[in-house]
Amino acid sequence: MPPHLSRYTNNSSLVAPVTIRLDENRNGDALISQRTRDDIESVLRMLEIPDEIVNPPYEVRPLSGGLSNRLLVVNDSVLVRLHSNGESSSTKNENSLLDRESENKVSTLLAQRGAGPTIYGRFQNGRLEQFYRNVRPLSHAEMPYYAKDIAEHMAKLHDMKDVQTSLGNDCLPSMFDRVDGWIGIIEKKMEGKGSFPIDLYRSFKCEWKMLKSSLLRSSTMQDAQSLSSSNCIEEEVCKYMREIVFTHMDLQSLNILKESTITESDREKLGKIRLAGNYDKSCNDSNVSSIKIIDFEYAGMNSRAADIANTFCEYCDMNNLSLKYADFPNESEQNVFLSNYLSCSRTACTDITLNEENFDAVLKAMRKEVGRFTLLSHLGW
C-alpha cells in the first residue's frame, strides 16, 4: 500500500511555520551541524512525513549541483531544498530573478500529474520532495545521445494544457520577464553611481527592446507582399514555434537523470556516437533507458523555440560555464531532436508543414527559429 500522505503533500498553498538553518564554512560549503539536523527533524515531524518514506535515525548529507538552492538528502529518501540568499518560500527577493511562489506552484502541479517528484511539503525557506534513488545526471556530452528522450519529455511538457490554464498565459513569456527584471535590478543598482557605464547600459537596453519586439511577433513576414511555397512553410513553422506553451527552460544535463547502472560498453558507445554523428540509430536504441526531468525553478510560459534553443545551448556545458561552443548541435543533431519532438507532440504543425515532401523545409525553418531564440537564452542567463 502507498504510504499515508499529509495535507502538506503536493499542496503549494500550505507553508509550515518552521525554518531550517544551515551553517557554512569559510569556503561557503554546507556544514551539517546538530542545529541543522534538529531543524530538519522538526520539519519532518511538522510535515508528517510517514515512516514508510523516512524514519529515524536520520542521516543527512549535502548534495552537489544546486545553483539557486542548497540541497541536502535525508536517508537517501527525502530531498531538502533550501532557497539561497535567505529567500523565503513564499515571497520574492527584490534582487532575485526567481519567483519562488510560482516555482512551488509549478512543481506541485507537475507532481500531481506524475511528471515530477512528489512534493512532501513546504516550509519557510524551502521544501521537501521525493529523492530519486539509483540515478545520476547526464554529462553534457551525453545529451546528443539522449536527444530522442529529451525531445519526447519536452514535447509532453509543452502539451500540458491544464498546467498552462492553471498558470495563465495572458502576460509576457517568463523569459522576457526575467530579462526585464534583470534590467530593473541594474537600474536600481546604478542610481547615484557616477562610475556606472551608462552609455553601455543604454545601448544594451535599446538592443534588447528591438530583440524583444522581434521575438514576440507571431510572424516574421508581416511586410511580405506575397508568400511563396517555401515562405508559406516558414510562416507556419514560425507560428508553431512561437506558440506560448508550458516550458522547462533549464534542461541542462544536471537536470536530466538516468539510471546510474551504466556499463563500460555503454560509456564506449557514448564516446563513439558523437564522433560518428550516428544519432538516428542511437536515439531509437531500445536499450536506452528512460530519463527523468527535475528542477522546475525556471519553468513557465514561453515559446517552444525558446525552450529548444535553451536546451541546445546546454549541449555546450553551460552549467559549468566552460562554454564549449564547438559542442553546439550541428544541423544533423538538431534534425534528430526536432524530428523526434514533432513526432511526440500532440500539437503538430499544419498539414502543409508535416507533408513528407516538405519535411526538410520544415526542419530548416525550425532550426532558423531556434537560432533566433538562442540570443534570448544567452540574455536570460
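The exercises below, each with a worked solution, concern a predicted model.

## Exercise 1. The open sheet

Task: Establish the strand order of the open sheet of six strands, and state which strands stand at the edges.

Solution.

Step 1. The order of the six strands is 1-7-8-6-5-4, and their pairing is mixed.

Step 2. The edges are taken by strand 1 (15-16) and strand 4 (60-63). Each of these has a single partner strand, so one side of each lacks a neighbour in the sheet.

Step 3. Within the sheet, strand 7 (residues 119-123) and strand 8 (residues 126-130) are antiparallel and share four bridges. One residue pair to locate here is Phe123 with its bridge partner Gly126 in strand 8.

Step 4. Helix 2 (residues 100-112) packs on this sheet, where it touches strand 5, strand 6 (78-83), strand 7 and strand 8. The direction of helix 2 makes about 160 degrees with that of strand 7.

Step 5. Helix 1 (residues 34-46) lies across strand 1, strand 4, strand 5 (69-74), strand 7 and strand 8. Relative to strand 5, helix 1 runs at about 75 degrees.

## Exercise 2. Strand 5 and its partners

Task: Describe how strand 5 pairs with strand 4 and with strand 6, and decide whether strand 5 is largely enclosed or left open.

Solution.

Step 1. Strand 4 and strand 5 run antiparallel and are joined by four bridges. In this pairing Val60 stands opposite Val74 of strand 5.

Step 2. Strand 5 also pairs with strand 6, again in the antiparallel sense, over six bridges. Here Val73 has Leu79 of strand 6 as its bridge partner.

Step 3. Strand 5 and strand 6 form a hairpin with three residues between the strands. In that hairpin, Asn75 adopts a positive phi near 50 degrees.

Step 4. Burial settles the last part: five of the six residues of strand 5 are buried, so the rest of the structure largely encloses this strand.

## Exercise 3. Salt bridges

Task: Given that the whole structure holds 23 salt bridges, compare the setting of Asp76 with Arg61, Asp162 with Arg113, and Arg127 with Glu129.

Solution.

Step 1. In the salt bridge between Asp76 and Arg61, the closest N and O atoms are 2.8 Å apart. This pair links distant parts of the chain, 15 residues apart: Asp76 belongs to the loop between strand 5 and strand 6, and Arg61 to strand 4.

Step 2. Asp76 has a relative accessible area of 34% and is therefore partly exposed. Arg61, at 30%, is partly exposed.

Step 3. Asp162 and Arg113 meet through their side chains in a salt bridge with an N to O distance of 2.6 Å. Asp162 lies in helix 4 (residues 161-167) and Arg113 in the loop between helix 2 and strand 7, with their positions 49 residues apart in the sense that they are 49 residues apart.

Step 4. Asp162 counts as partly exposed at 38% relative accessibility, and Arg113 counts as partly exposed at 34%.

Step 5. Arg127 and Glu129 form a salt bridge at 2.9 Å, N to O, and both residues are buried. Through shared partners, salt bridges join Arg81, Arg100, Glu103, Arg127, Glu129 and Asp295 into one network.

## Exercise 4. A buried arginine

Task: Locate Arg242, classify it as buried or exposed, and identify which backbone oxygens its side chain reaches.

Solution.

Step 1. Arg242 is in the loop between helix 7 (229-241) and strand 10 (244-247).

Step 2. The relative accessible area of Arg242 is 8%. Buried means under 20%, so Arg242 is buried.

Step 3. The Arg242 side chain reaches the backbone oxygen of Ser214 at 2.8 Å and that of Leu215 at 3.5 Å.

## Exercise 5. Helix 10 and Ser377

Task: Determine how many residues of helix 10 are buried, and which residues Ser377 contacts beyond its neighbours within four places in sequence.

Solution.

Step 1. Helix 10 (residues 304-314) has 11 of its 11 residues buried. Among them are Asn310, Cys313 and Glu314.

Step 2. Ser377 is part of helix 13 (residues 359-380). At 3% relative accessibility, Ser377 counts as buried.

Step 3. With neighbours within four places in sequence set aside, Ser377 is in contact with Asn310 and Cys313.

Step 4. Ser377 and Glu314 are 63 residues apart along the chain, and their C-alpha atoms are separated by 9.8 Å.

Technical notes: Residues numbered from 1 in each chain as written. Predicted model: local features only at pLDDT ≥ 70, side-chain atom pairs only at ≥ 80, totals over all residues. Heavy atoms only, no water. Buried < 20%, exposed > 50% of the residue type's maximum accessible area, 1.4 Å probe, protein only. Helix = DSSP H or I, 4+ residues; strand = E, 2+ residues; numbered from the N terminus. Pairing = 2+ DSSP bridges. Contact = heavy atoms within 4.5 Å. Axes fitted to C-alpha atoms, helices over the stretch in contact; angles between N-to-C directions. Polar contact = N/O pair within 3.5 Å; in protein donor to acceptor, adjacent residues only side chain to side chain. Salt bridge = Lys/Arg side-chain N within 4 Å of Asp/Glu carboxyl O.
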